[in-house]
Amino acid sequence: METVDYLGTARKRLPILVGIPVLAALVATLVVLLTPAKFAVTTYVAAPALIGGVAAQQFAGQQAANQFVAAFAAAATSPKVIDQVSADTGVAKDELRDGVVVKQVGASSQLTLTFTGSAKDKVAPVAVAMTARALTFLFASQVDVATQQVAAAEADVNAATKKITDWEAANKVTQPDKLWQATLTEQGSLRQEELRQSAVGNTRGADAAKDAIEDNQKRLNDIGPKLPGYQALIAQRDASSNALAEAQQGLQAARAQVGAADPKSVSSTSDVVSESKLAALAKTVPPVAGAGLLIAVLVVVLLEIVRRPQDPFDGKIPAQRREKEPAGL
């Protein structure tokens with residue numbers, strides 16, 4: 001079997017093995033040095049009042065912190081927020097998407113939003129605007145939803161109240177449930193009065209009480225059949241009132257969350273820093289040079305495969321040749 005002299009091959013192909021990685025490193029160095037300087041700024045968001053707490057809180061439970069950070073990151077790069085920040089700062093949308101990074105601080109609900117851009121005077125306004133817009137996107141929308149729920153509940157209460165008013169106008173009676181109860185109470189008193197007057201022999205007083213009892217009974221007979229329908233309307237209005245009270249509580253909670261998410265209170269922005277060219281070179285050149293070395297090795301291997309002649313006998317001596325060779329060989 002033919003052995004391969006790897007060391008000799010490496011010496012012979014040394015220009016390729018050295019040249020390609022060096023060329024790749026030089027190109028990477030030129031790219032880094034000629035690339036315009038990048039500037040970065042970090043906004044720190046700490047809003048513990050938005051996490052956990054009551055069940056009505058938007059982010060509650062064991063995963064509340066992770067959910068908040070994930071939701072904030074998604075909001076910061078959402079089309080609506082990107083459009084708003086681009087309009088606020090004049091920075092291109094693609095640069096906004098590519099330059100923002102949101103990270104969670106440990107396992108807490110605190111996070112950092114870092115924006116890197118080419119214009120030094122733009123990075124800080126972008127970070128501030130993006131933080132404010134993302135918080136508004138997350139929590140202000142809850143106020144809009146809660147406001148709509150309150151408006152719908154108020155409309156239900158007004159509709160139920162109108163049905164009661166229309167019923168009273170059609171039946172020419174106001175608050176029949178209270179009238180029914182008052183008439184029943186009066187009936188009891190009149191019966192006692194009739195018995196008392198009869199006991200003392202006051203026939204006229206007993207007859208007057210009896211007449212009053214009959215009038216009240218007619219009133220009860222008139223109200224009684226109508227009372228269930230009226231009570232159903234009252235129950236509907238009460239249910240609508242309860243729903244309105246719950247919607248108003250939800251609106252108050254949503255407004256409280258918006259107040260707790262005030263960017264001026266929960267965020268702070270660092271000074272603008274310039275990315276170090278040395279750090280960029282250290283981060284870029286070694287991987288590129290390593291990739292160049294790998295490519296060089298592959299090129300050398302391919303060249304050796306192409307250069308090496310193919311042996312049709314695959315290293316085996318033909319039978320006729322073996323017969324002609326001396327026995328001692």
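This passage describes salt bridges, surface patches and selected contacts in a predicted model. Residues are numbered from 1 along each chain as its sequence is written, and side-chain values use heavy atoms, with hydrogens and water left out. Local features in this predicted model need pLDDT of at least 70 and side-chain atom pairs count only at pLDDT 80 or more, whereas totals for chains, interfaces and linings use all residues.

Salt bridges were assigned where a side-chain nitrogen of Lys or Arg lies within 4 Å of a carboxyl oxygen of Asp or Glu, and by this rule the count comes to six. One of them joins D88 to R133, with the closest N and O atoms 3.0 Å apart. This pair links distant parts of the chain, since D88 belongs to helix α4 (residues 79-89) and R133, 45 residues away, to helix α6 (residues 120-171); helices here are DSSP runs of H or I with at least four residues, numbered from the N terminus. Burial is expressed through relative accessible area, with buried meaning under 20%, exposed over 50% and partly exposed in between (1.4 Å probe, protein chains only). On this scale D88 is partly exposed, because its relative accessible area is 41%, and R133 is likewise partly exposed, at 30%.

Two further salt bridges lie within single helices. The side chains of D94 and R97 meet at 3.3 Å, N to O, and these residues are separated by about one helical turn because they stand three residues apart in helix α5 (residues 93-99). D94 counts as exposed because its relative accessibility is 53%, while R97, with a relative accessible area of 38%, is partly exposed. In helix α6, D166 and K162 are four residues apart, about one turn of the helix, and their side chains form a salt bridge of 2.9 Å, N to O. Here D166 counts as partly exposed at 40% relative accessibility, whereas K162 counts as exposed at 51%.

Surface patches were built from residues with over 30% relative accessible area and no salt bridge, like charges being joined within 9 Å and nonpolar side chains (Val, Leu, Ile, Met, Phe, Trp, Tyr) within 5 Å. A patch of negative charge on the surface gathers D207, D211, E214 and D215; among its members, D211 lies in helix α8 (residues 203-223) and counts as partly exposed, at 45% relative accessibility. A nonpolar patch is formed by L293, V297, V301, L302 and I305, which together have about 430 Å² of accessible area, as computed by the Shrake-Rupley method with a 1.4 Å probe, only the protein chains shown counting as cover for residues. Within this patch, L302 is located in helix α11 (residues 277-307) and is exposed, with a relative accessible area of 55%.

V297, another member of the nonpolar patch, is 9.2 Å from A10, C-alpha to C-alpha, although the two residues are 287 apart in sequence. A10 is found in helix α1 (residues 6-12) and is partly exposed, with a relative accessible area of 28%.

A contact to a backbone atom involves Q187, which is found in helix α7 (residues 176-199) and counts as buried because its relative accessibility is 4%. A polar atom of the Q187 side chain lies 3.2 Å from the backbone oxygen of I213.

Key. Lys and Arg count as positive and Asp and Glu as negative; His and the chain ends are not counted. The place of a charge is taken as NZ of Lys, CZ of Arg, CG of Asp or CD of Glu. Helices (H or I, at least four residues) and strands (E, at least two) are DSSP runs, numbered from the N terminus. A polar contact is a pair of N or O atoms within 3.5 Å; within protein, one must be able to donate a hydrogen and the other to accept it, and residues adjacent in sequence count only if both atoms are side-chain atoms.
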